[in-house]
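Me: Please take a close look at one part of this model, a residue with an unusual backbone angle, and then relate it to the rest of the chain. A connected account would be preferred to a list.

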Amino acid sequence: MASDVVVRPARAEDEGEILELLRSVWSRVSEPGPERAADAALFDERHPVEGFLVAERGQRIVGYVTQAPASPLETNRHVRHIQGLAVLESARGSGVGQALIEAACAAARAGGARRMNLRVLGHNGPAQQLYRRCGFAVVGVLPEEFLLDGAYVDDVWMSRSLSDLHEPARP
């Protein structure tokens with residue numbers, strides 16, 4: 001990762017900048033849901049600020065990741081789920097995404113988690129490659145789960161163990 005990028009916990013005052021980042025990178029390649037409204041809130045009961053990490057270059061947020069328990073069940077509190085990851089186009093390819101994922105996995109492990117899961121659209125090859133570099137493997141595919149712009153797209157489920165923090169592969 002570029003040495004000028006710092007990953008840190010998000011703060012409530014970061015909400016506007018993270019929303020701006022999300023709007024700037026939204027596309028059907030990475031998002032099956034509708035584009036976020038300009039006045040939509042980011043932090044809420046399901047997405048508390050404590051679940052977010054941001055990557056900052058200088059005074060600007062260039063990426064974020066958010067994670068949460070996989071479900072409200074006590075029986076799987078040891079499993080976390082990456083709910084979102086975004087990196088500004090200008091910061092892609094510099095290790096920001098990998099640093100965010102590794103930091104989220106380290107934080108989850110420190111909180112007692114043993115496994116991290118995520119979902120990614122089947123046509124998002126760059127994201128799948130990033131997750132593989134971070135130790136994730138495909139554990140399931142829901143074929144044609146989404147109809148996006150007239151084409152059916154698979155929902156790919158990926159997972160990795162947190163019992164040994166992954167030593168990321170070098171590109």
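Reply: Glu144 is exposed, with a relative accessible area of 52%, a value that lies over the 50% required for that class. In this predicted model, Glu144 belongs to strand S6, which covers residues 137-148. Its phi is positive, about 50 degrees, although Glu144 is not a glycine.

A second residue invites the question of where it is found: in which loop does Asp149 lie? Asp149 is in the loop between S6 and strand S7 (151-161). Asp149 is also a residue other than glycine with a positive phi, in this case near 50 degrees. Its relative accessibility is 68%, and Asp149 therefore counts as exposed.

A positive phi is also found just after helix H2, where Gly112 takes a value of about 100 degrees. Helix H2 itself comprises residues 96-110. At 1.5 Å a residue, its 15 residues should span 21 Å, and the end C-alpha atoms are indeed 21 Å apart, so the expected and modelled lengths agree. Many residues of H2 are buried, among them Val96, Leu100, Ile101, Cys105 and Ala108.

Ala108, placed in helix H2, may be examined individually. Its relative accessibility is 5%, and Ala108 therefore counts as buried, the limit for that class being under 20%. Apart from neighbours within four places in sequence, Ala108 is in contact with Gln67, Arg80, Ala113, Met116 and Leu162. Ser30, by contrast, is 78 residues from Ala108 along the chain, and their C-alpha atoms are separated by 23 Å.

Gln67 and Arg80, both contacts of Ala108, also appear in the lining of the second largest pocket. The volume of that pocket is about 150 Å³. Its lining further includes Pro9, Pro48, Phe52, Leu53, Pro69 and Ala107. Strands S2 and S3 are the elements that give two or more residues to this lining, and S3 supplies the largest share, three residues. In character, the lining divides into seven nonpolar, two polar and two charged residues.

Strand S3 also holds Tyr64. This tyrosine is buried, with a relative accessible area of 6%. Neighbours within four places in sequence aside, its contacts include Phe52 and Leu53, two residues that line the second largest pocket. Tyr64 is likewise in contact with Val54, Gly84, Leu85, Ala86 and Leu100; of these, Leu100 is a buried residue of H2. Leu162, a contact of Ala108, is 98 residues from Tyr64 in sequence and 20 Å from it in space, C-alpha to C-alpha.

The remaining contacts of Tyr64 include Ile18, Leu21 and Leu22, and these lead to helix H1. Within H1 (residues 15-25), Ile18, Leu19, Leu21, Leu22 and Val25 are buried. They cover an arc of only 160 degrees around the axis, which means that they lie on the same side of H1. Glu20 and Ser24, on the other side of H1, are exposed. Against which strands do the buried residues of H1 pack? Their partners are strand S2 (52-57), strand S3 (60-69) and strand S4 (79-87).

Note on methods: Residues numbered from 1 in each chain as written. Predicted model: local features only at pLDDT ≥ 70, side-chain atom pairs only at ≥ 80, totals over all residues. Heavy atoms only, no water. Buried < 20%, exposed > 50% of the residue type's maximum accessible area, 1.4 Å probe, protein only. Helix = DSSP H or I, 4+ residues; strand = E, 2+ residues; numbered from the N terminus. Arc of directions from axis to C-beta. Contact = heavy atoms within 4.5 Å. 1 Å grid on protein atoms, 1.4 Å probe; cavity = no way out; pocket = protein on both sides within 12 Å on 5 of 7 lines; lining within 4 Å. Points joined across faces, edges and corners; volume = space filled by probe spheres on them. Nonpolar A, V, L, I, M, F, W, Y, C, P; charged D, E, K, R; others polar. Expected span 1.5 Å × (residues − 1).
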